[in-house]
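Hi,

Here is the structure I promised to pass on. Have a look at it first, and then read my notes underneath.

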Amino acid sequence: MKDSAAPQTYHAAAPSNRPGLPIVSLDQAHSPQKVLAHGDLLRRFVAGQEIRPIHMRIGIMGACNMRCNFCNFHSPNEEQFYDLFSFKDSIPKDKAITLLRQFAENDGRAVTFCGSGECTIHPGYVDICRAGHQAGLRIGLITNGSRLGRPALAECVAQTHTWVRIGLNAGTEATFNDITRDREQTFASFLSTVGRLRAAAADPDFRIGFNYVITLQNHREIMAAARVAKESGAHYVRFEPEFYSAMGHETIEDAMPDIAATLGEAARLSDADFEVSVPKLDRGPMDQVEAVEGDFDKCHYSRFVTAVGADGNLYPCPQVHLNSRYRIGNVLEEGYAEVLEGGPRAEWEASNPMRTDLCKSCFYRPQNELLELLQQGRIHLDEALDSYRVEVPSTLHADFV
């Protein structure tokens, strides 16, 4: 696909499943085409000009108060890939606040708290979020949900956050507790905390929903979980397959026919107030394989999004953070702008120029394929922007590209 064929439409970058699996149906907050809401940035990108990331994904804690049995960071399958992970890592409150302010001063617009641990157990989480919000950043949170009922945190989320995504991962409390080792009655709290946060949120674009990692242990509870999510008052439930970097989705391959059928049934629960997101089910292994997945050569997405681990290091994206091969430089010690533009990033990119030398499968493949098609002129930028404006007059959470 390196010929001079006629320009394609931007739909060419939409994720899809192989024949026999459900059609991918992503809720509007997770569209991979949201980069098309940023015409000015794309014009500079296509022209080969420098741009800075507008979205930062950051993990301020390595520790977590749950031990989910599918967690990459605690799996023996991932000891080689996430070689820099430590549950002892934590970014001090003052340094986290300084980092967010530096990010905002360097064209940053949005920050998502996520990572290897549970950010809400950080003792400074509320102060960090308030400081980021005051700096003009929009805030998103990926969480296990265990602390959302605590008054100070709930108030902070309602006043400063744009969205929250909670790990559901079961349709019954018994299975949830077995999977997560939860001891805080978190599953039972979802029916009260989610709707309350939705009603109290200050941001008119606030959305709160659930993420469900499909495993052999919980795939028979997909329908029950979708009903729990809808009953809770959530905006959506987002399903995704269990994924290990060296195994892809082969852990659930034998159950795929049942999973596909149940996802189709769950999708029928969608209505004007609730979305069911059906995922790409067949992404291949990311590491320890020879096959390269995706029609793009270089990671362009990292120009728009960056990641910081609880170790303080900058990484190209959250998929590969806490891997020493992808470490760019320590933003806590050297400063965000200095690492981004002062040498460490350029040095890293010079030594790792092609994504085929790095991760073979990319979670952000649709974005990267779209960006490369635009850069090469195989999709005309103006036509793509015009089409996108017609189909998506207002992009939800546009800065969280």
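Below is what I found, going from the whole protein to the middle of its sheet.

One thing before you start: this is a predicted model.

**The overall picture**

The protein has 13 helices and 10 strands. Its radius of gyration is 20 Å, close to the 21 Å that the globule rule gives for 401 residues, so the protein is as compact as a globular protein of that length. If you want a feel for the dimensions, the C-alpha trace spans about 55 × 50 × 45 Å along its principal axes. Of the 401 residues, 57% are buried. About 16,500 Å² is exposed, and carbon and sulfur atoms supply 48% of that. Take the contacts between residues at least 6 apart in sequence: 77% of them join residues at least 24 apart.

**The sheet**

In what order do the strands of the open sheet run? The order is β7-β6-β5-β4-β3-β2-β1-β8-β9-β10, with mixed pairing. The edges belong to β7 (275–277) and β10 (329–330); each has a single partner strand, so one side of each is left without a neighbour in the sheet.

Further in, β1 (residues 55–58) and β8 (residues 305–308) run parallel and are joined by 4 bridges. Histidine 55 has valine 305 in β8 as its bridge partner.

**β3, β4 and β5**

β3 and β4 are parallel too, with 5 bridges between them, and threonine 143 stands opposite isoleucine 166 in β4. To get from β3 to β4 the chain goes through α4, in a β-α-β crossover that is right-handed.

On its other pairing, β4 (residues 161–167) meets β5 in the parallel sense over 5 bridges. Two partner pairs to look for: valine 164 with isoleucine 208 in β5, and isoleucine 166 with phenylalanine 210 in β5. That puts isoleucine 166 opposite threonine 143 as well as in a bridge with phenylalanine 210.

β5 is also joined to β6 (residues 236–241) by 6 bridges, and these strands run parallel. Here phenylalanine 210 turns up again, with valine 237 in β6 as its bridge partner. The chain passes from β5 to β6 through helix α7 (residues 222–232), and this β-α-β crossover is right-handed.

**What is buried**

Why do I call β5 largely enclosed by the rest of the structure? Because 8 of the 8 residues of this strand (residues 207–214) are buried. In a regular strand the side chains alternate between the two faces of the sheet. In β5 both faces are covered: Arg207, Gly209, Asn211 and Val213 are buried on one side, and Ile208, Phe210, Tyr212 and Ile214 on the other. β4 is likewise largely enclosed, because 7 of its 7 residues are buried.

**Helices around the sheet**

α3 lies across β2 (110–113), β3 and β4, at about 150 degrees to β3. α6 packs on the sheet as well, touching β4 and β5, and its direction makes about 140 degrees with that of β5.

Then there is α4 (residues 151–160), where Leu153, Ala154, Cys156, Val157, Ala158 and Thr160 are buried. The cover over the buried residues of α4 includes α3 (125–134), β3 (138–143), β4 and α6 (186–200).

If you only have a few minutes, start with β5, where both faces are covered, and follow the chain from there through α7 to β6.

Cheers

Definitions and conventions: Residues are numbered from 1 along each chain as its sequence is written. This is a predicted model: local features need pLDDT of at least 70, side-chain atom pairs count only at pLDDT 80 or more; totals for chains, interfaces and linings use all residues. Side-chain values use heavy atoms; hydrogens and water are left out. Buried means under 20% relative accessible area, exposed over 50%, partly exposed in between (1.4 Å probe, protein chains only). Two strands pair if DSSP finds at least two bridges between them. A crossover is right-handed if, with the strands pointing away from the viewer, the path from the first strand over the helix to the second runs clockwise. Contact means heavy atoms within 4.5 Å. The radius of gyration is taken over C-alpha atoms; the globule rule is 2.2 Å times the number of residues to the power 0.38. Accessible areas come from the Shrake-Rupley method with a 1.4 Å probe; for residues, only the protein chains shown count as cover. Axes are lines fitted to C-alpha atoms, for helices over the stretch in contact, and angles run from 0 to 180 degrees between N-to-C directions.
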